[in-house]
Amino acid sequence: MIVKDRNSAFERLGELFAQSRRGVAFTGAGISTECGIPDFRSPGGLWTNNQPIPFDEFVASQEMRNEAWRRKFALEDQFRSAKPGRGHRALARLVRTGKLEAIITQNIDNLHQESGVAREKVIELHGNGTYALCLDCAARYEIDWVRERFQQSGGIAPSCTGCGGPVKSATISFGQAMPELEMQRAEEETLAADLFLSIGSSLVVWPAAGFPVMAKRNGAALIIINREPTDFDRMADLVVRDDIGDVLEPFLAA
Ligand code: NAD
Ligand code: ZN
């Protein structure tokens, strides 16, 4: 069933929540666009201006690391003040009231945590862009620490002070292995859910896009909330093609 207006969506979502014992949300860049962070695939999205740097190139070359950090700081300046939107806040409330057990996210912006969801309930498939890690020894560095060294050296990406390894923002790049623990936890939550809401994802990035399919095959009701059609709309129990903030706003008070 495809629903295009906010009122029918609220009604139908309410029914599905009432029938569900364990819900899971799966979010993509679309939930953060109203916070001022563009998604990748809408016109004028991030990809138009910033081709991602593949993982092997980052590891192989100091120049690429310099370039990756230069881009990261440019994006940071634009996005660091972003605050959770209506979608984040509605999901936080649904977690608090026990309607949602966990949030699996492709986003790296930390906005689910900032909206008040406990860290252990947010499963980050693509990491987190608000800090950095040494790729060799996993030492953690704050972005401001990297920025300071980057600026002092005239644009050279710093290495780990402990082991000399490359320091990279704690996100998963193309070509980089998926985080094992998070993939495992996402699978467990997906298979335990009887209601699975995919929100603001184009569902074209794999293996993340496999979770909605996995939930549906396992017998969960699948809901897709996204402005644009996705390849999985056909198998969903409910498709809401509307603005995420508008659709979820009533749940802030429900
Ligand atoms: P995507 O850019 O591929 O798709 C986003 C989808 O959201 C689009 O289909 C778009 O139509 C829809 N959308 C955008 N704003 C919406 C709104 N207000 N209401 C309803 N729908 C809306 O995003 P993706 O599937 O998450 O995959 C992109 C990859 O890029 C992810 O792997 C993620 O790690 C990364 N990314 C993250 C962020 C972030 O952390 N905020 C931002 C950009 C990209
Ligand atoms: Zn190190």
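Visitor: From which domains does the shell around ligand 1 draw at least three residues each?

Guide: In this predicted model, the protein chain is divided into two parts, each assembled from separate stretches of sequence: 1–36 + 82–126 + 178–254 forms domain 1, and 38–78 + 127–171 forms domain 2. The shell around ligand 1 takes at least three residues from each of them. The domains asked for are therefore domain 1 and domain 2.

Visitor: How far apart do the C-alpha centres of domain 1 and domain 2 lie, and how many residues of each domain take part in their contact?

Guide: The C-alpha centres of the two domains are separated by 28 Å. Their contact involves 17 residues from domain 1 and 10 residues from domain 2.

Visitor: How many residues surround ligand 1, and which are the closest?

Guide: The shell around ligand 1 divides by residue type into 8 nonpolar, 12 polar and 7 charged. In total, 27 residues surround ligand 1, and the closest are Arg41, Gln106, His126, Ser202 and Glu228.

Visitor: Which atom of ligand 1 lies 2.4 Å from a polar side-chain atom of Glu228, and how much of the ligand does the protein bury?

Guide: A polar side-chain atom of Glu228 lies 2.4 Å from an oxygen atom of ligand 1. Taken alone, ligand 1 exposes 850 Å². Of that area, the protein buries 95%.

Visitor: What part of Ala29 lies 2.8 Å from ligand 1, and what part of Asp109 lies 2.7 Å from ligand 1?

Guide: For Asp109, a polar side-chain atom lies 2.7 Å from a nitrogen atom of the ligand. For Ala29, the partner in the ligand is an oxygen atom, at 2.8 Å, and the part of the residue concerned is a backbone N or O atom.

Visitor: Why does Cys137 count as partly exposed, rather than buried or exposed?

Guide: A residue is buried under 20% relative accessible area and exposed over 50%. Cys137 has a value of 40%, which lies in between, so Cys137 is partly exposed. Cys163 likewise counts as partly exposed, at 40%.

Visitor: How many disulfides does the structure hold?

Guide: A disulfide is a covalent bond between the sulfur atoms of two cysteines. The number of disulfides in this structure is 0.

Key: Residues are numbered from 1 along each chain as its sequence is written. Chains are lettered from A and ligands numbered from 1 in the order in which they are written. This is a predicted model: local features need pLDDT of at least 70, side-chain atom pairs count only at pLDDT 80 or more; totals for chains, interfaces and linings use all residues. Side-chain values use heavy atoms; hydrogens and water are left out. A disulfide is a pair of cysteine sulfur atoms within 2.5 Å. Buried means under 20% relative accessible area, exposed over 50%, partly exposed in between (1.4 Å probe, protein chains only). A residue is near a molecule or strand if one of its heavy atoms lies within 4 Å of it. A polar contact is a pair of N or O atoms within 3.5 Å; within protein, one must be able to donate a hydrogen and the other to accept it, and residues adjacent in sequence count only if both atoms are side-chain atoms. Accessible areas come from the Shrake-Rupley method with a 1.4 Å probe; for residues, only the protein chains shown count as cover. Ala, Val, Leu, Ile, Met, Phe, Trp, Tyr, Cys and Pro count as nonpolar, Asp, Glu, Lys and Arg as charged, and the others, Gly among them, as polar. Contact means heavy atoms within 4.5 Å.
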